[in-house]
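Biologist: I would like to learn how to read a model like this one, one feature at a time. Where should we begin?

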Amino acid sequence: FTDDRKHFTDIPSEVLAQGWGYPSVGVVDQEWKEWTSRLAANWTPKLDFTDQTLIYGSYAHGYKAGGANPPGAVLLKICLGGCDGQIVNPIHPLTFAPEFIDAFEAGTKNTLLDGALTFNATSFFYNYKGYQISEIVDRTSINLNYDATVKGAEVETSWEPAPGLKFSFSGGYEDTRVDNGQKAIDLMDRTAGDPDWVVSKPFITQASNCIMPASVV
C-alpha cells in the first residue's frame, strides 16, 4: 500500500519579464492511495526428456504516482510598429496522472543431456494505463499520459557438446503500441516532414517555436 502526497509550487521560467524575483503563480497539492500486488506460481514437473524443468507464471499490478508540470515560460511579446506589450504564457497541462501497469508473464527453464543443454523461454504482456512520457517543451520538461500495451517473448539456449566448446543463442520479439486516438506534437519534427511548412520563431524573446506556411515566410 502506498500513500503519496505531493506539494508543488508553480514558478514559471521568465523571459524578459518585468519585475524582480520569481513569483509563484499557484500551488498544487496532490495525494494518491493505491494498492499494488504480485502473485507468482512455480511448478517443477518430473519429465522423462529433461533433467530438470521449471514452469512459472506471474501477475503484478504496479503503480507510479502522478505529479505537477512546470508552468509555461512567461514571455514579453515585443513587436515592431507598436503593441500592448502583453505577457503571453504558453499553457502546459497543469498535472499528469498516475501510471498503472498490469503485467503478465509465463515461462519455462530446462536443463537436458546431463546439464549440457539449457533451454529457457518466457512470454510477457504489459497493459499500461496512464503511461508517463516526458517531453521537452520550450525550456522545460512536462509529463504526458498515454495508454499503451507491450507484448513479446524471449528465448535463450546453450549447448556444450564437449568441454570448452559451447554454442549459445538468444532472441526476442517485442510489439509495443500506443492506444488509438492518442497523440501529441512531435517537437523534434514539428512539420512532420511537410515541405510546405517551416519552423519559425515569431519573436526573439519567444521561448516557443511555431510552424508557418512556407509561402507566408
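Modeller: Begin with a single residue. Asn110 has a relative accessible area of 10%, so Asn110 counts as buried, the cut-off for buried being under 20%. Keep in mind that this is a predicted model.

Biologist: In which strand does Asn110 lie?

Modeller: Asn110 lies in strand β10, which covers residues 99-112.

Biologist: Which residues is Asn110 in contact with, leaving aside its neighbours within four places in sequence?

Modeller: A contact list can show partners from separate parts of the sequence. For Asn110 the list has Thr50, Gln52 and Thr53, and also Leu117, Thr118, Phe119 and Asn120. Take Thr53: the C-alpha atoms of Asn110 and Thr53 are 4.5 Å apart, with the two positions 57 residues apart in sequence.

Biologist: How much of the contacts in the chain with a separation of 6 or more comes from residues 24 or more positions apart?

Modeller: Such pairs account for 57% of those contacts. The chain has 15 strands and 0 helices.

Biologist: Is Glu105 buried, partly exposed or exposed?

Modeller: Glu105 is also found in strand β10. Its relative accessible area is 31%, so Glu105 is partly exposed.

Biologist: Which residues gather with Glu105 in a patch of negative charge?

Modeller: Glu154, Glu156 and Glu174 join Glu105 in that patch on the surface.

Biologist: And the chain as a whole?

Modeller: Of its 217 residues, 26% count as buried. The accessible surface comes to about 14500 Å², and carbon and sulfur atoms hold 57% of that area.

Notes:
Residues are numbered from 1 along each chain as its sequence is written. This is a predicted model: local features need pLDDT of at least 70, side-chain atom pairs count only at pLDDT 80 or more; totals for chains, interfaces and linings use all residues. Side-chain values use heavy atoms; hydrogens and water are left out. Helices (H or I, at least four residues) and strands (E, at least two) are DSSP runs, numbered from the N terminus. Buried means under 20% relative accessible area, exposed over 50%, partly exposed in between (1.4 Å probe, protein chains only). Contact means heavy atoms within 4.5 Å. Accessible areas come from the Shrake-Rupley method with a 1.4 Å probe; for residues, only the protein chains shown count as cover. Patches are made of residues with over 30% relative accessible area and no salt bridge: like charges are joined within 9 Å, nonpolar side chains (Val, Leu, Ile, Met, Phe, Trp, Tyr) within 5 Å. A salt bridge is a side-chain nitrogen of Lys or Arg within 4 Å of a carboxyl oxygen of Asp or Glu. Lys and Arg count as positive and Asp and Glu as negative; His and the chain ends are not counted. The place of a charge is taken as NZ of Lys, CZ of Arg, CG of Asp or CD of Glu.
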